[in-house]
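Visitor: I would like a close look at one part of this model. Please take me through the open sheet, then show me what surrounds it.

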Amino acid sequence: MSSQVSENIIKLFVFFFLVYVAKSQTSEPDTLCDINTCPNDERCLRRDGPGNLTFVCECVQTRARDGTMGHNCFKNNDPVHSTFLGCYGKACERGSFSSPNYPQDYETRDKTFMALYIPHAKSIFFDFSSPFCIEEGKDELYVGSGLEIYFGDIDDLDNLPENWYHFDGSGVPSNFTLQGTDTTFVYFSSDKSTVCEGFNITWEAQGKTRCLLPNTLSNFGSTFGRVE
Ligand SMILES: [Ca+2]
């Protein structure tokens, strides 16, 4: 074999190796579940956080026109929710979420739920803006780790599940961090009367997050910061 042929073979090998590397860096990672465990054949995505369930479901069919997510698409949740929002991937590693009309008064009988899954996040930092006002003892805001909320879990505010926070009243709450989680929910509920300015909360994931399935976000739009 001539040296020219050998050189061409080596160049060809290097070319295909570089193509392989480039493809592995830019193509969609293998994120779909091997076995779809989601209801109604909703899209099932792998989750590899240690100690967590191994999947999340994009619940774009099940009662969620805005798109949301979880493990069972909230089949056990409060049927009077008015809004679900969900976000998956690197695009959700920072953002903000606010009550309707913020900083003007929110509305009565509003219930909104937002869920985020941020692949490879190690913790999620939250910070409130001023003003902050939620009718004390009547309206409520919860922030916690996880993708689902079960109302039976929050009857006792003195005994919230680990990594859950409850907020109401006036005065801007201190910032806080949910440790050891790649998922979070924000849930807001107002009753039939008395409203005030509400809240705005900004979050930022910490840890080595990855960009997975960016097209997935097309299901969710860019509605964060204002609940319609
Ligand atoms: Ca109220």
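Guide: What follows starts at the sheet, moves to the core, and then turns to the loops and the confidence.

This is a predicted model. The chain has one helix and 14 strands. Five of those strands make up an open sheet. Their order is E4-E6-E13-E9-E10, and the pairing is mixed. Strand E4 (83-88) sits at one edge and strand E10 (164-167) at the other. Each of these edge strands pairs on one side only. On average, neighbouring strands of the sheet are turned by 10° against each other, with direction ignored.

Now take the pair E9 and E13. Strand E9 covers residues 140-144, and strand E13 covers residues 183-189. The two run antiparallel, and five bridges join them. For a place to put your cursor, pick Tyr142: its bridge partner in E13 is Tyr187.

Stay close to that pair and look at Phe185. Beyond its neighbours within four places in sequence, Phe185 contacts Phe113, Met114 and Ala115. Its contacts on that same count also include Gly144, Gly146, Leu147 and Ile149. Strand E6 spans residues 111-117, and E9 ends at residue 144.

Phe185 also leads into the core. The largest nonpolar core has 44 residues. Phe185 is among those with the most contacts inside it, together with Met69, Met114 and Val186. Strand E6 gives the most to this core, with five residues. Across the chain of 228 residues, 34% count as buried. Contacts that reach far along the sequence are a large share here. Of the contacts with a separation of 6 or more, 72% are between residues 24 or more positions apart.

Next, the loops. Follow the chain back from E6 and you enter the loop that comes after strand E5 (94-98). Pro103 is in that loop. A cis peptide bond joins Tyr102 to Pro103, with omega at about 5°. On the other side of E6, the loop to E7 holds His120. His120 is not a glycine, yet its phi is positive, at about 75°. His120 has 16 other C-beta atoms within 10 Å, so it counts as partly exposed.

Continue past strand E7 (123-128). The loop from there to strand E8 (133-134) contains Pro131. Here too there is a cis peptide bond, between Ser130 and Pro131, with omega about 5°.

One more backbone feature lies elsewhere. Asp41 is in the loop between helix H1 (3-26) and strand E1 (43-46). Its phi is positive, about 55°, although Asp41 is not a glycine. Asp41 counts as exposed because it has 9 C-beta neighbours inside 10 Å.

Finally, check the confidence before you zoom in. The chain averages a pLDDT of 76, and 68% of the residues score at least 70. Confidence is highest in E8, at 98, and lowest in H1, at a mean of 55. Two stretches call for care. Over residues 18-29, pLDDT stays under 50, and the model has two contacts there beyond four places in sequence. Over residues 211-228, pLDDT also stays under 50, but the model has 39 such contacts. Where pLDDT is low, the predicted coordinates should not be read in detail.

Conventions
Residues are numbered from 1 along each chain as its sequence is written. This is a predicted model: local features need pLDDT of at least 70, side-chain atom pairs count only at pLDDT 80 or more; totals for chains, interfaces and linings use all residues. Two strands pair if DSSP finds at least two bridges between them. Helices (H or I, at least four residues) and strands (E, at least two) are DSSP runs, numbered from the N terminus. Axes are lines fitted to C-alpha atoms, for helices over the stretch in contact, and angles run from 0 to 180 degrees between N-to-C directions. A residue is buried if 20 or more other C-beta atoms lie within 10 Å of its own, exposed if 12 or fewer, and partly exposed in between; C-beta atoms are placed from the backbone. pLDDT is the predictor's confidence in each residue, from 0 to 100. Two residues are in contact if their C-beta atoms, placed from the backbone, lie within 7 Å. A nonpolar core is a set of buried Ala, Val, Leu, Ile, Met, Phe, Trp, Tyr and Cys residues joined through C-beta atoms within 7 Å.
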